[in-house]
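Me: Could you take a close look at one part of this model for me, namely the place where its chains meet? I would enjoy a connected walk through it.

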2 protein chains.
Amino acid sequence: MDIATLRSANPDHWKKATAIRALTLDAVAAANSGHSGMPMGMADVATVLFENHLKFDAANPDWPDRDRFILSAGHGSMLLYSLLHLTGYADMTLEQIKNFRQWGAITAGHPEYGHAKGIETTTGPLGQGIANSVGFAMAEEMLRARFGRKLVDHYTYVIAGDGCLMEGISQEAIGLAGRHALGRLIVLWDNNNITIDGKVDLADRTDQVKRFRASGWQVLEIDGHDPVAIDGALTEAKKSKRPTMIACKTHIALGHAAQDTSKGHGALTNHEQLIAAKEAYGWPYGPFEVPADVKSAWEAIGKRGASEQAAWAERLAAVSAPRQAEFTRIFEREAPAKLSARIKAIKKQISEEGPKVATRQSSEMVLEVVNPVMQETVGGSADLSGSNNTRSGDMTVFDVDNRKGRYVHWGIREHGMAAAMNGMVLHGGIRPYGGTFMCFTDYARPAMRLAALMKIPTVFVMTHDSIGLGEDGPTHQPVEHLAISRATPNTWVFRPCDTVETAEAWELALTSKQTPSVMSLTRQGLPTLRREHKTKNLTAQGAYVLADAIGKRQAILLATGSEVEIAMAARDLLQADGIGTRVVSMPCWELFEDQDEAYRKRVLPGGPVRVAVEAAVRFGWDRWLYGERGRRDKGGFIGMHDFGASAPAPTLFKEFGITAEDVAAKVKSLL
Amino acid sequence: MDIATLRSANPDHWKKATAIRALTLDAVAAANSGHSGMPMGMADVATVLFENHLKFDAANPDWPDRDRFILSAGHGSMLLYSLLHLTGYADMTLEQIKNFRQWGAITAGHPEYGHAKGIETTTGPLGQGIANSVGFAMAEEMLRARFGRKLVDHYTYVIAGDGCLMEGISQEAIGLAGRHALGRLIVLWDNNNITIDGKVDLADRTDQVKRFRASGWQVLEIDGHDPVAIDGALTEAKKSKRPTMIACKTHIALGHAAQDTSKGHGALTNHEQLIAAKEAYGWPYGPFEVPADVKSAWEAIGKRGASEQAAWAERLAAVSAPRQAEFTRIFEREAPAKLSARIKAIKKQISEEGPKVATRQSSEMVLEVVNPVMQETVGGSADLSGSNNTRSGDMTVFDVDNRKGRYVHWGIREHGMAAAMNGMVLHGGIRPYGGTFMCFTDYARPAMRLAALMKIPTVFVMTHDSIGLGEDGPTHQPVEHLAISRATPNTWVFRPCDTVETAEAWELALTSKQTPSVMSLTRQGLPTLRREHKTKNLTAQGAYVLADAIGKRQAILLATGSEVEIAMAARDLLQADGIGTRVVSMPCWELFEDQDEAYRKRVLPGGPVRVAVEAAVRFGWDRWLYGERGRRDKGGFIGMHDFGASAPAPTLFKEFGITAEDVAAKVKSLL
């Protein structure tokens, strides 16, 4: 690459792009860690994007109608931090850049959502950003259909690397975007031919251009260092009715001794080489120094969208008050006022009627009354709509000719679904929930973890939540998946025992602002155990006394979901033998943990023996089996000790020893 | 579809294929659950494959040189069970078919590896089979290069559905197979255009033919009900130097009222419709009845490979005794005799020298001495070779022109790597291990679970196993991943504290026959704590006393991996204050759980306070914090309570309160 030619061909552009490269080199050198090569390779593309195309206003970073810029190749975080600093985002000070990757700084190793304005999503785990972007673009289509182009009319831009495209999730994202003709989605592929181990060719020879076209994308191919070509491609991409991938041929670590090598991917900290690169750039400035003319040129870019933002704000102010309030409400993740009443009403009705239904059906019953008053919900399933019971009667299917559709057929793409749902939440204005079998938590895990880390309230509807699914067998029977989600910080795992608890769980999930929820729901029918109506949301306490001991309290049974019925039957057996037995339903461990100690001790007092019942592994349960002064030899567990088996569900519960008789016998053995 | 034409065009073929369809209909009807449509749609393809192409001998199902048949669309399990029964596999009796999906039967809802001969891998979670198949085909190439065509010379056939191809993992598999020109891999795509929710078009419009070609595959397109076309395509596929995908246009639930509909995907149990389908087939037989001529035609197919098998056995008998023994040994998953001595030698050397190294480097040091004496190991990494330290000096890179290469650059494909490694183990003759960052356990999870479920000893090398990785931040810092793997049945999670324990862990992982291993290894340097050489493998006990209390034992510190160093330093602090403190290293909880109670009590006696130290979440630790009669108020935990952060590692340990001082203070607060 002839740097001199690049410098002289477009000197103004070159200076702006070089400011990114220089800040990157300096920040990585100061941190003595990080990834220099990608920002240096993609600086030209990003500069043209921000200068001529991206609709944004650095002074109004939360403007709902801004274009979204997603750095899927999150290791190149200094590209994003440089852009935010240079364009004048208030929180991205030079001090923050200097503290790249240090404790307390907002400039983490990979971009962390919530740390700084302008970070639209947390990236780093590869492929997540490009899959998030499908959700961003779908949300834009849905909201544009709902509120009109005057309020919603923007693009989603993504920078993705070879790593993103090699991850399987990228195929799920590409397939979805192509299927739904998401023309507002534009992916800029950093085609530098280098990965950590060496050249891409070591592991992949896929023709990415043909691959994207096979899924219905427009593909453009350009020199990623030619600002004119970049500008032309972006202009063309914006006209397309199909999603566009722009293959940008770039040189990783452009201008550095490590250019075009895998060494260039990582931290380029050698002082002499750094100085040499800056010399080649014609950048005679000290560390972190950006000359005033370059900084002011960048700041002008940061203000470019100000008038457009102001015009948009006027348009919002001009719409009717209820519409304005609705728009604002959904972007603030506020639940509608009507939600609480709807939940209370269905709880009352169910407590009175006492139906026996699977909690996946309970969930559908709740969605039927909630979705009509909560127009921001978007349902969906990874090709298990009828099994997950995720579509309520009022929801039409999202499609190219029905952008108002609120139900998404995600296809057999659990991972892509989860990541795209995250993108919808991050975009704002949408509250998505999506279903699959609980066992396939495994497929969706990387995106579920990121929802928890990003503190966003995505809802994962996981049905068929135990051996209770029966004949499909151990490949489909979760035994460790409750533990997996419970072990994850900032995740609410709801395992309701009946329709009333299911309604309460949904209320919590749909009013959550910062915590994702896992709804663990049964395939098999369950009785209504909450027959006495209480307006209070008992699930909000995480655990509560469902039935207390009659006579002296000798035992406490702890259970969740389908096993609460078993615990109640065991209580009958034990009480018949004169053993006073309390049953504690524990639909959400995390919320119980959040209660004060006094409440927890009231629910789980020391003294009685404790037996937990859950058709899953014991892992994690010991937390609840002993009181503060309780003894291990007074705690027991009835549940799974290995993977399940293929047989009708009643047979499985019997063969695996998860019955009321087994629970009663365990209590007696401990007394 | 005109059934009459199909019947009359190839009556002999038709009868054989119809036997599959009829058995499927009958078994699903008897179970009142299952998936009828796929076996009915793919019966013609499978019949031609088994009749004319698949090299197998039903009487010798473990013949190492058989072709492998993988049903990636595992829900169509009755296709496989029918084929095994009809061709005369001894264990697949008619009784088993009649007990489809029942307790104790080998005919589970989805094919379970180990239940019956001829089930090459467990499938059902979609996309796994096609990704396994890449490992099968790579294993074949490697072993053919090593032992020659006289002993190894076979194909891998896969039946995959739309679901498999929509899962992201399929792209990882397709990319790998194309990159490595796995010409012995032949995928038969059941192109029926139907998924559970409806037509494929609901969720995907990807042109699969173009997609496979973009990754370097040969693609053939045929009518999947035309035996001549099927035969021709298979013949052509076998000649190819590239992997071949045969797009078989089929009708799901052929001949049934539910043909070509999503209803046809599931259980077709309606009696009248079943009878009508059999009538259309010209199949006037009762449930589970296969006429003698059809059965004997199928049994002849089952014996077709007998002479070839016998010739192969003669060729094996003719090779040199050591070579024969080696071939047999590796297929029996027996470790070489030299392994144990090599492990002991490095343990002794390390105990004497006492180096300070990261356990990922320890792991490399072990591999350097083990790999040369264990030629069946195959290393690799998902594009983190230099970070995972997975390549030993003797390993060359597997490539098109170096099939003897024992190191695989898997690319940025953690999921595909894990599934392909499973395929290698299942093929036999290979003991693969592969690396990524521990946090990306999430990406590999579905395949890691299947290794546990299938009882195969795949080794997952997970480095950068805590906040100790430092600046990359919370997206890369596992906190819940130890819990995730520990909660999974039949999984050994090794978190060694130094090079000696790392060597012991590798010995266990490489001699395991039925349990996969997770090697949780540090990025940061750790001192050698085992300075006294012991030939015995202490890690095999799961936990042991690393340093005992001096004076009265008042406290026990439990720790794993990098935190054992912290526990030892805390012990020094406590002993200086006269508090007798034992340190228990717990490199493998599962193996400790397997010890007898007496041993566990010797290591963890009741009485002293217990404090666990691990730079991960507490979830699961309560199991070890209280003795049988121990009390909760005498147990404490020092570790993570939320996600990590981006900063240098020493800062993180200090800020998150995971230091010797914190541990000592916790002990004192409990005394």
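Reply: Happy to. A turn of 180° with a shift of 0.0 Å along the axis lays chain A on chain B with an RMSD of 0.0 Å, and the two copies are thus related as by a two-fold rotation axis. The C-alpha of chain A nearest that axis belongs to Gly168(A), at 1.9 Å. For this fit, copies are superposed by least squares on the C-alpha atoms of residues with pLDDT of at least 70 in both.

Please keep in mind that this is a predicted model, in which local features need pLDDT of at least 70 and side-chain atom pairs count only at pLDDT 80 or more, while totals for chains, interfaces and linings use all residues. Residues are numbered from 1 along each chain as its sequence is written, chains are lettered from A and ligands numbered from 1 in the order in which they are written, and side-chain values use heavy atoms, with hydrogens and water left out.

Now to the interface itself. Here 101 residues of chain A are in contact with 101 residues of chain B, where contact means heavy atoms within 4.5 Å. Because 100% of the interface residues of chain A are also interface residues in chain B, the copies meet through the same surface. About 8,600 Å² is buried between chain A and chain B, with carbon and sulfur atoms giving 57% of that area. In chain A, Trp103(A), Phe619(A) and Arg632(A) lose the most area to chain B, together 10% of what that side buries. Buried area is the accessible area (1.4 Å probe) that two parts lose on being put together, summed over both.

Charged pairs take part too: 10 salt bridges are found across the interface of chain A and chain B. One of them joins Asp442(A) to Arg445(B), whose closest N and O atoms are 3.1 Å apart. The rule asks for a side-chain nitrogen of Lys or Arg within 4 Å of a carboxyl oxygen of Asp or Glu.

Pro125(A) is a good residue to zoom in on. Its place is the loop between α5 (94–98) and α6 (128–147) of chain A; helices (H or I, at least four residues) and strands (E, at least two) are DSSP runs, numbered from the N terminus. With a relative accessible area of 6%, Pro125(A) is buried, a label for values under 20%, with exposed over 50% and partly exposed in between (1.4 Å probe, protein chains only). Leaving aside neighbours within four places in sequence, Pro125(A) is in contact with Leu450(A) and, from chain B, with Phe440(B), Tyr443(B), Thr475(B) and His476(B).

The UniProt record, an unreviewed entry, lists Pro125(A) under "binding site", along with His75(A), Gly124(A), Leu126(A), Gly163(A), Asn192(A), His265(A) and Phe440(A). These positions spread over 366 residues of sequence and up to 34.2 Å in space between C-alpha atoms. UniProt positions are in the numbering used here, feature names are shortened, and annotations may be inferred rather than shown by experiment.

His75(A), from that list, lies in the loop between β1 (68–71) and α4 (77–87) of chain A. At 13% relative accessibility, His75(A) counts as buried. Not counting residues up to four places away in sequence, His75(A) touches His35(A), Met38(A), Gly109(A), His110(A), Leu126(A) and His265(A).
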